[in-house]
Amino acid sequence: MNEVIIATKNPGKAREFEHIFASRGITVRTLLDFPELPEVEETGTTFEENATLKAETISKALGKMVIGDDSGLIVDALEGRPGIYSARYAGEPKNDLNNTNKVLAELEGVPEEQRTARFYCALAVAIPGQETFTVSGTCEGRILEEPRGTNGFGYDPVFFAPEKGVAMAELSADEKNKISHRANALRKLDSVLDSKLESAEGK
Ligand SMILES: O=c1nc[nH]c2c1ncn2[C@H]1C[C@H](O)[C@@H](COP(=O)(O)OP(=O)(O)OP(=O)(O)O)O1
Ligand SMILES: [Mg+2]
């Protein structure tokens, strides 16, 4: 088994999964490769519930093992917002620039030490005939006052990663993939994924 399906339409996430799995010789396919599949409604109240909805909906449609990713930004001074509503924080249609601007506006005047935040990523693994399970990962940082950098996606330009001393969007893909919430969640899947990929083979 050298292929894994991720239930995402987000090209930024797709690139990161491709990058991380490529080093293990695994090809990634996403919903961008399956345009005919149904929209997944993100009606859950937690990242884990939404990741499970994505993984199970697509796993049922394809009859294969599928990983769902639901992720977002949690800002302490905003009582955890935008949280599970990160993608559409500034309304429909979802727009990264509008979302980051809204967070910056809401944090105007909030001093640096109160601008703490974290990225959160829940991954759900759905396999036909088996119980879905989830793992999660976080990445701690704080919200800048102005966007910096052009790499990555989403809130990366306004997220300062203290361990690197730069904004997430100033990191190379390699560097982000060592410290990100997504990478930290995926790492927890490492030990189980190999055996799951084998047991899902042929499904
Ligand atoms: O590494 C990241 N760096 C910056 N921003 C990020 C990251 N990871 C998630 N985010 C933000 C983007 C989006 O505003 C929301 C995810 O929302 P989320 O519903 O999980 O993804 P989505 O709607 O973009 O694609 P999909 O549901 O098809 O996977 O959090
Ligand atoms: Mg979404």
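Q: What makes a residue count as near a molecule?
A: A residue is near a molecule if its C-beta atom, placed from the backbone, lies within 6 Å of it. In this predicted model, 21 residues surround ligand 1. The closest of them are T8, N10, S86, A87 and G154.

Q: Which strand gives the most to the shell around ligand 1?
A: Strand β3, residues 66-75, gives the most, with five residues.

Q: How do the residues of the shell around ligand 1 divide by character?
A: Five are nonpolar, nine are polar and seven are charged. Gly counts as polar under the definition used, and Asp, Glu, Lys and Arg count as charged.

Q: Why is D70 described as buried or exposed?
A: A residue is buried if 20 or more other C-beta atoms lie within 10 Å of its own. D70 has 29 other C-beta atoms within 10 Å, and it is therefore buried. D70 lies in strand β3, and the UniProt annotation "active site", from an unreviewed entry, covers D70. Such annotations may be inferred rather than shown by experiment.

Q: Which residues is D70 in contact with, leaving aside its neighbours within four places in sequence?
A: Contact requires C-beta atoms, placed from the backbone, within 7 Å. Leaving aside those neighbours, D70 is in contact with F47, N50, A51, K54 and A122.

Q: What makes β2 and β7 edge strands?
A: The open sheet has seven strands in the order β2-β1-β3-β4-β5-β6-β7, with mixed pairing. Strands β2 (27-30) and β7 (166-167) each pair on one side only, and they are the edge strands.

Q: How do you know that strands β1 and β2 pair?
A: Two strands pair if DSSP finds at least two bridges between them. Four bridges join strand β1, residues 3-6, to β2, so the criterion of at least two is met. The two strands run parallel, and V4 stands opposite V28 in β2. Strands of a sheet pair through backbone hydrogen bonds, either parallel or antiparallel.

Q: In what order do the elements of the chain run?
A: From the N terminus on, the order is β-α-β-α-β-α-β-β-β-β-α-α. The chain has five helices and seven strands.

Q: Why is the chain called as compact as a globular protein of its length?
A: The radius of gyration is 17 Å, close to the 17 Å that the globule rule gives for 203 residues, so the chain is as compact as a globular protein of that length. The C-alpha trace spans about 55 × 30 × 25 Å along its principal axes, and 39% of the 203 residues count as buried. Among contacts between residues at least 6 apart in sequence, 56% join residues at least 24 apart.

How values were computed. Residues are numbered from 1 along each chain as its sequence is written. Chains are lettered from A and ligands numbered from 1 in the order in which they are written. This is a predicted model: local features need pLDDT of at least 70, side-chain atom pairs count only at pLDDT 80 or more; totals for chains, interfaces and linings use all residues. The radius of gyration is taken over C-alpha atoms; the globule rule is 2.2 Å times the number of residues to the power 0.38. A residue is buried if 20 or more other C-beta atoms lie within 10 Å of its own, exposed if 12 or fewer, and partly exposed in between; C-beta atoms are placed from the backbone. Two residues are in contact if their C-beta atoms, placed from the backbone, lie within 7 Å.
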